[in-house]
Amino acid sequence: MTAARRLSLVPDGVHSSAPKRKAGALRVAIATQDMRFLDAHFGSAKRFAVYDVSPDDWRLVEVLDFEDVSDESGKHRNEGDDRIAPKVKALEGCHLLFCLAIGGPSAAKVVSAKIHPIKVPDPQLIEAVLSRTQAMLRTTPPPWLRKVLTEAGATEKKPFDEED
């Protein structure tokens with residue numbers, strides 16, 4: 001499988017392979033075919049739209065583009081080709097990954113890279129996913145999200161006696 005193409009917004013010239021994350025924001029990747037909807041399985045996603053999401057706003061950071069992807073059944077065109085590792089490598093630095101489905105081996109590799117996969121049952125607008133993520137950040141986040149926020153450095157770890 002060929003490496004991912006990174007399409008980034010570059011305000012001030014050359015940058016490293018992954019743009020710096022906005023302080024206090026979560027880096028969120030969304031599996032998409034059309035850049036409008038969360039509408040792809042992890043293995044078959046042609047693109048991942050990567051956003052920095054904070055309680056107040058979100059901004060598109062980059063788009064990861066893949067030419068050679070699996071079909072929805074999970075079968076590869078050339079058996080033996082590893083299509084998972086390049087995607088996981090390209091997603092390094094993300095905290096959350098939204099997709100329609102993700103297989104067990106792929107999920108294990110994503111979790112090993114400290115990315116929390118979230119399966120969504122039906123296609124939906126990317127804006128709706130980002131709005132719900134913001135709403136969770138504004139209110140009391142569930143325990144799994146508090147852990148992600150702490151690991152991302154977006155919040156401070158509370159002592160045990162202060163947790164809900």
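This is a short talk on the salt bridges and one helix of the structure above.

Hi everyone. Before we look around, please keep in mind that this is a predicted model.

Let's start with charges. Side chains of opposite charge can pair when their charged atoms come close. How many salt bridges does a search of the whole structure find? The count is 4, and I'll walk you through some of them.

Please find Asp52. Its partner in one salt bridge is Arg27, with the closest N and O atoms 2.7 Å apart. Where do these two sit in the chain? Asp52 belongs to strand E4, residues 47-53, while Arg27 belongs to strand E2, residues 26-32. They are 25 residues apart, so this pair links distant parts of the chain. Are the two partners buried or exposed? Asp52 has a relative accessibility of 2%, so we call Asp52 buried. Arg27 is buried too, at 5%.

Now stay on Asp52, since Arg59 also forms a salt bridge with this residue. Here the closest N and O atoms are 3.6 Å apart. Arg59 is partly exposed, with a relative accessible area of 38%. Put the pieces together, and you have a network of salt bridges linking Arg27, Asp52 and Arg59.

For another pair, look at Glu92 and Lys89, whose side chains meet in a salt bridge at 3.5 Å, N to O. Glu92 is partly exposed at 44%, and Lys89 is exposed at 53%.

One more acidic residue deserves a stop. Asp65 lies in strand E5, which covers residues 58-65. With a relative accessibility of 8%, Asp65 counts as buried. Its side chain is joined to that of Arg47 by a polar contact of 3.3 Å.

Let's move to helix H2, residues 104-112. Which of its residues are buried? They are Ser106, Ala107 and Val110. Looking down the axis of H2, you would find the buried residues within an arc of 100 degrees, so they line one face of the helix. Here is a handy rule to remember: an α-helix has 3.6 residues a turn, so residues three or four places apart point the same way.

What about the other side of H2? There, Gly104, Pro105 and Ser112 are exposed. As for what covers the buried residues of H2, the list includes helix H1 (84-90), strand E6 (96-99) and strand E7 (116-119). Finally, just after H2, you will meet Lys114, which takes a positive phi of about 65 degrees.

Thanks for listening!

Definitions and conventions:
Residues numbered from 1 in each chain as written. Predicted model: local features only at pLDDT ≥ 70, side-chain atom pairs only at ≥ 80, totals over all residues. Heavy atoms only, no water. Helix = DSSP H or I, 4+ residues; strand = E, 2+ residues; numbered from the N terminus. Buried < 20%, exposed > 50% of the residue type's maximum accessible area, 1.4 Å probe, protein only. Polar contact = N/O pair within 3.5 Å; in protein donor to acceptor, adjacent residues only side chain to side chain. Arc of directions from axis to C-beta. Contact = heavy atoms within 4.5 Å.
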